[in-house]
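Trainee: Could we go through this model together? I would like to begin with the overall fold and then turn to individual residues.

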Amino acid sequence: MIRWKQQETGEGEFDSQFFRNEDGNTLCVYANGDSPDWMECAERCVEAFNHLPDAVIQEICKQLTDCAQAGDGLEEAFELPPLESPQAILEYCWFVALYVDLENEDDEIAYAVEGEGEWGENIGFYIQNNRVVYVGPDYLTYMKNG
């Protein structure tokens, strides 16, 4: 459930079930559009995000690990240690916001999630209908409503 801070601008927050930020599990959500059902769309995206299938979470974590190992961030001294599981990468990155993509057709659920890695790179992912479309620094370029 989204707790709307500013309904007129589409800004709120919600508790993430799996992905965390630096201070806990509250993430911001941003959604605003001309469509009369933008709030409903935002709620559906948050619900889908909080119930991502394990296989999707595994894929996100694998691709986050690939990003961390690529060493493209600002922290040149960062070296990712061996990980015991794919989810262990989440100890080295955090997430702060979910951007609802309101311009999708056929009631698709699509959103971008923004975060940062300890390797000094903005990092995020774009999900469409519970499929990982992209993981990396350019996650917002996949948004149809910018």
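Mentor: The conversation below moves from the fold to the cysteines and then to two asparagines.
Mentor: This is a predicted model, in which local features need pLDDT of at least 70, side-chain atom pairs count only at pLDDT 80 or more, and totals for chains, interfaces and linings use all residues. Residues are numbered from 1 along each chain as its sequence is written, and side-chain values use heavy atoms, with hydrogens and water left out.

Trainee: How many helices and strands are there in the protein?
Mentor: The protein has two helices and seven strands. Helices (H or I, at least four residues) and strands (E, at least two) are DSSP runs, numbered from the N terminus. Their order from the N terminus is β-β-β-α-α-β-β-β-β.

Trainee: What is the radius of gyration?
Mentor: The radius of gyration is 15 Å, which agrees with the value near 15 Å that a compact globule of 146 residues would have. That radius is taken over C-alpha atoms, and the globule rule is 2.2 Å times the number of residues to the power 0.38. The C-alpha trace spans about 45 × 30 × 25 Å along its principal axes.

Trainee: And what percentage of the residues count as buried?
Mentor: Of the 146 residues, 42% count as buried. Buried means under 20% relative accessible area, exposed over 50%, and partly exposed in between (1.4 Å probe, protein chains only).

Trainee: Changing topic, how many positive and negative side chains are there?
Mentor: There are 7 positive and 31 negative side chains, and the centres of the two sets lie 5 Å apart. Lys and Arg count as positive and Asp and Glu as negative, while His and the chain ends are not counted. Each charge is placed at NZ of Lys, CZ of Arg, CG of Asp or CD of Glu.

Trainee: Why is there no bond between cysteine 41 and cysteine 45?
Mentor: The sulfur of cysteine 41 has its closest cysteine sulfur in cysteine 45, and the 4.4 Å separation is too far for a bond. A disulfide is a pair of cysteine sulfur atoms within 2.5 Å, and by this rule the count is zero.

Trainee: Is cysteine 45 buried or exposed?
Mentor: Cysteine 45 is buried, because its relative accessibility is 0%. Cysteine 41 also counts as buried, at 10%.

Trainee: Where is asparagine 129?
Mentor: Asparagine 129 sits in the loop between β6 (121–128) and β7 (131–136). Its phi is near 50°, a positive value in a residue other than glycine, and at 37% relative accessibility asparagine 129 is partly exposed.

Trainee: What about phi of asparagine 130?
Mentor: Phi of asparagine 130 is near 60°, also positive. Asparagine 130 lies in the loop between β6 and β7 and is partly exposed, with a relative accessible area of 33%.
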